[in-house]
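Work through the exercises below with the sequence and the model open side by side. Each task is followed by a solution in steps.

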Amino acid sequence: MAISVRHLSKRFGTFAALDDVSVEIPTGQLTALLGPSGGGKSTLLRIIAGLEAPDSGQVEIGGLDATSLPPQRRNVGFVFQHYAAFKHMSVRKNVAFGLEIRKRPKAEVQRRVDELLELVHLEQFGDRLPAQLSGGQRQRMALARALAVEPNVLLLDEPFGALDAQVRKELRVWLRRLHDEVHVTTVFVTHDQEEAMEVADEIVVINHGRVEQVGTPDELYDQPASAFVMGFLGPVTKLGGRMVRPHDLELTDQPAPGAQAATVLRVTRLGFEVRVDVKVGDEEVWVQLTRGEAAKLSLKPGDSVFVMDAGKEIAG
């Protein structure tokens, strides 16, 4: 079910949360709304869901003008960051809730809940209360509940924001697999660049209420449309006043064409990678090396080296 957003604007007092935003989200795609806090991404998601009304513009879901439709008539599943579970109900009853209020036959409800609990790997926890689950399990329960009514669109507002880093990593891999199984058009909000790059088919970068760029993770990383997009999607440093990726820089202990003299300030080992901070004239530049590359140079603070840009200039 495709989503079309055309010329949406929304203000809260004097603050412009969205300013003439237009986005096309294809059927069956997993799209990330990515940007800094306060950039407008959650407001856009809530307007698509019908939880906020725009000041101007239009939202179409599956070719139907949904701008003025209430949330319950949009057939949209919404998952909040903090689960919003019914604490007194079991996991099974939480998942069944949307089906029961729609007065679906009892056998159908049971079958659908069994399918969903198996899909989200909670089949053995159906009789537990939400408080007896881990944070990751509660979020999987929330996703199952949203999927129970077979929505045309699934909307996730920072679904893993309340979880620790390791659980977040596990759940985003799981979300990608889940999406590949159910193929429902999915839009999720995140300010985590790695999360968006790993999970999404397409990323919409939003900043100050405007769309900065739309593209695949590779397109945004390799061909950013602005310095903001480049800086927001992946590490950057500056060499000669230009923004460059630290992994596109090379260090050598011998002069070479295009290389600039530098002095090593710090060497920091970060797992497989090594961060080398160097001084080039008045600039502090950091270079990302593998441990093997760093070992060959035997770098230490105070060493004289040469740095050159082996990549291409992307943004100024």
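**Exercise 1.** Which residues lie nearest the centre of the second largest pocket, and how many residues line it?

Solution. The structure is a predicted model.
- Step 1: locate the centre. Leu 249, Gln 288, Leu 289, Thr 290 and Glu 293 lie nearest to it, and the lining as a whole has 14 residues.
- Step 2: assign the lining to elements. Two or more residues each come from strand 13 (249–252), strand 16 (283–290) and helix 9 (291–297). Strand 13 gives the most, with 4 residues.
- Step 3: sort by class. The lining of this pocket has 6 nonpolar, 4 polar and 4 charged residues.
- Step 4: give the volume, which is about 210 Å³ for the second largest pocket.

**Exercise 2.** Describe the largest pocket by volume, lining and residue class.

Solution.
- Step 1: the volume of the largest pocket is about 590 Å³.
- Step 2: its lining is made of 21 residues, with Val 76, Gly 77, Phe 78, Arg 102 and Ala 146 nearest the centre.
- Step 3: strand 6 (76–79), helix 2 and helix 4 (135–148) are the elements that supply two or more lining residues. The top contributor is strand 6, with 4 residues.
- Step 4: by class, the lining of the largest pocket holds 15 nonpolar, 4 polar and 2 charged residues.

**Exercise 3.** Characterise the packing of helix 2 against helix 3.

Solution.
- Step 1: choose the quantities. A pair of packed helices is described by the angle and the distance between the two axes.
- Step 2: read the values. The axes of helix 2 (residues 91–101) and helix 3 (residues 106–119) come within 10 Å and cross at roughly 130°.
- Step 3: classify the angle. Helix 2 is therefore oblique to helix 3.
- Step 4: state the hand. The crossing of helix 2 with helix 3 is right-handed.
- Step 5: list the contact. Helix 2 uses Val 91, Arg 92, Val 95, Ala 96, Leu 99 and Glu 100, and helix 3 uses Val 109, Gln 110, Arg 112, Val 113, Asp 114, Leu 116 and Leu 117.
- Step 6: sort these residues of helix 2 and helix 3, which gives 8 nonpolar, 1 polar and 4 charged.

**Exercise 4.** Which residues does Phe 306 touch, not counting residues up to four places away in sequence?

Solution.
- Step 1: place the residue. Phe 306 is part of strand 17 (residues 304–309).
- Step 2: list its partners. Phe 306 touches Glu 250, Leu 251, Thr 252, Asp 253, Gln 254, Pro 255, Ala 259, Gln 260 and Ala 261, under that exclusion.
- Step 3: check one pair. Phe 306 and Ala 259 are 47 residues apart along the chain, and their C-alpha atoms are separated by 5.6 Å.

Methods. Residues are numbered from 1 along each chain as its sequence is written. This is a predicted model: local features need pLDDT of at least 70, side-chain atom pairs count only at pLDDT 80 or more; totals for chains, interfaces and linings use all residues. Side-chain values use heavy atoms; hydrogens and water are left out. Axes are lines fitted to C-alpha atoms, for helices over the stretch in contact, and angles run from 0 to 180 degrees between N-to-C directions. Angles under 35 degrees count as roughly parallel, over 145 as roughly antiparallel, 65 to 115 as roughly perpendicular and the rest as oblique. A crossing is left-handed if the near helix is turned anticlockwise from the far one by less than a right angle, and right-handed if clockwise. Contact means heavy atoms within 4.5 Å. Ala, Val, Leu, Ile, Met, Phe, Trp, Tyr, Cys and Pro count as nonpolar, Asp, Glu, Lys and Arg as charged, and the others, Gly among them, as polar. On a 1 Å grid over the protein atoms alone, a cavity is a set of points where a 1.4 Å probe fits but cannot get out, and a pocket is an open set with protein on both sides within 12 Å along at least five of seven lines; lining residues have an atom within 4 Å of a point. Grid points are joined across faces, edges and corners, and a volume is the space filled by probe spheres set on the points.
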